[in-house]
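Let's take a friendly walk through a protein model, one region at a time. Keep the structure open beside you and find each residue as it comes up.

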Amino acid sequence: MRVLRAILLTVAWVIPMAYAVIPAYWFMVHPFAARWRRVRRPFLYIVPMWLLTYLLLGFLTFPYSRTQLYDNWPARIAGALLVLGAMATYRAVRRDKRFTGGQLVGRSEIEQAQEQRLVTEGMHARMRHPIYLAALLMVTGWTVGSGLLADYLLLAWALLAFPVMIALEERELVARFGDAYRDYQKRVPAIIPRVG
């Protein structure tokens, strides 16, 4: 039983770390897109740097990865509901074939030959950044469900980094798409989904 508990706590620490490190990847790609365009096969450099960031975050939070602030069923249920909400959001975005994996990883920013396309249908008709909402729901769900101090530190980082990342991306999208994106900003909320 003790081994199973240790495995579950490790999973509850490692998974939210993967989502909390998304801003680090974004900050590696977007602000330096023009430089990356001059590099042959840039993802051979970006992905290892991102993985090193993941390992650094793991190193920093490891001392708190077994410290539970609480352990109860209501928290586990609430956490599971948030994780299910994240999964449903990811699934809804994936269903819309207009939003591609290349857009998800920033390929359109790095490889200018890639098609520059503003997606405003599907989940993007309800909110401008559904992927970021799903990532935040995932980190929050695992944090609430596990009660791990390490996860609360990861959540604090995510709550600081994601708004900065979104604000910078909004500026980037206005520069890329102009009035079309400004109109989209007026009609559709950034991260809290429009219902109906």
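The side chains of Glu172 and Arg176 meet in a salt bridge, with 2.8 Å from N to O. Please keep in mind that this is a predicted model.

Where do these two partners sit in the chain? Glu172 and Arg176 are both part of helix α9, four residues apart, or about one turn of the helix. Here is a handy rule to remember: an α-helix has 3.6 residues a turn, so residues three or four places apart point the same way. Side chains of opposite charge can pair when their charged atoms come close.

Is Glu172 buried or exposed? Glu172 counts as buried because its relative accessibility is 18%, and the cut-off for buried is under 20%. Its partner Arg176 has a relative accessible area of 27%, so Arg176 is partly exposed.

**More salt bridges**

How many salt bridges are there by this rule? The count comes to six. The table shows three of them, including the pair you have just met.

| Salt bridge | N to O distance |
|---|---|
| Glu172 and Arg176 | 2.8 Å |
| Arg182 and Asp179 | 2.8 Å |
| Asp71 and Arg76 | 2.3 Å |

Look next at Asp71 and Arg76. Asp71 is partly exposed, at 41% relative accessibility, and Arg76 is partly exposed too, at 30%.

Now move to Arg182 and Asp179, which both belong to helix α10 (residues 179-187). They are three residues apart, again about one turn of the helix. Asp179 counts as exposed at 61% relative accessibility, whereas Arg182 counts as partly exposed at 38%. Salt bridges can also be linked: Arg5, Asp71 and Arg76 are joined into one network by salt bridges that share partners.

**Helix α9 from end to end**

Let's return to α9 and follow its whole length. This helix has 29 residues, and the distance from its first C-alpha to its last is 41 Å. That is close to the 42 Å expected at 1.5 Å a residue. After α9 comes Gly178, whose phi is positive, near 60 degrees.

Another residue with a positive phi is Arg41, at about 55 degrees, although Arg41 is not a glycine. You can find Arg41 in the loop between α3 and α4. Arg41 is exposed, with a relative accessible area of 52%.

**Helix α2 and its surroundings**

Why is helix α2 described as largely enclosed by the rest of the structure? Six of the eight residues of α2 (residues 22-29) are buried, so the helix is largely enclosed. These buried residues are Pro23, Ala24, Tyr25, Trp26, Met28 and Val29. They pack against several helices, among them α1 (2-20), α4 (43-61), α8 (130-146) and α9 (149-177).

Just beyond, in the loop between α2 and α3, you will find His30. His30 counts as buried, at 12% relative accessibility. Which residues does His30 touch, leaving aside its neighbours within four places in sequence? His30 is in contact with Glu109, Glu169 and Glu172, and that last one is the glutamate that pairs with Arg176.

**The nonpolar cores**

Now look for the nonpolar residues inside the model. The largest nonpolar core has 20 residues, and those with the most contacts inside it are Tyr90, Tyr132, Phe162 and Ile191. Helices α5 (73-95), α8 and α9 each give two or more residues to this core. Which element gives the most? It is α8, with seven residues.

Phe162 is a good residue to zoom in on. Leaving aside its neighbours within four places in sequence, Phe162 is in contact with Tyr19, Ile22, Pro23, Tyr132, Ala135 and Leu136. Pro23 in that list is one of the buried residues of α2. There is also a second, separate core of 14 residues, which includes Leu9, Ala12, Met17 and Leu155.

**A pocket to finish**

Our last stop is the second largest pocket, which holds about 430 Å³ of space. Its lining has 17 residues, and Leu8, Ala12, Arg76, Gly145 and Ser146 lie nearest its centre. The elements that give two or more residues to this lining are α1, α5 and α8, and α1 gives the most, with six residues. Two names here should look familiar: Ala12 is included in the second core, and Arg76 forms a salt bridge with Asp71.

Note on methods
Residues are numbered from 1 along each chain as its sequence is written. This is a predicted model: local features need pLDDT of at least 70, side-chain atom pairs count only at pLDDT 80 or more; totals for chains, interfaces and linings use all residues. Side-chain values use heavy atoms; hydrogens and water are left out. Buried means under 20% relative accessible area, exposed over 50%, partly exposed in between (1.4 Å probe, protein chains only). Contact means heavy atoms within 4.5 Å. A salt bridge is a side-chain nitrogen of Lys or Arg within 4 Å of a carboxyl oxygen of Asp or Glu. A nonpolar core is a set of buried Ala, Val, Leu, Ile, Met, Phe, Trp, Tyr and Cys residues joined through side-chain atoms within 4.5 Å. The expected span of a helix is 1.5 Å times one less than its number of residues. On a 1 Å grid over the protein atoms alone, a cavity is a set of points where a 1.4 Å probe fits but cannot get out, and a pocket is an open set with protein on both sides within 12 Å along at least five of seven lines; lining residues have an atom within 4 Å of a point. Grid points are joined across faces, edges and corners, and a volume is the space filled by probe spheres set on the points.
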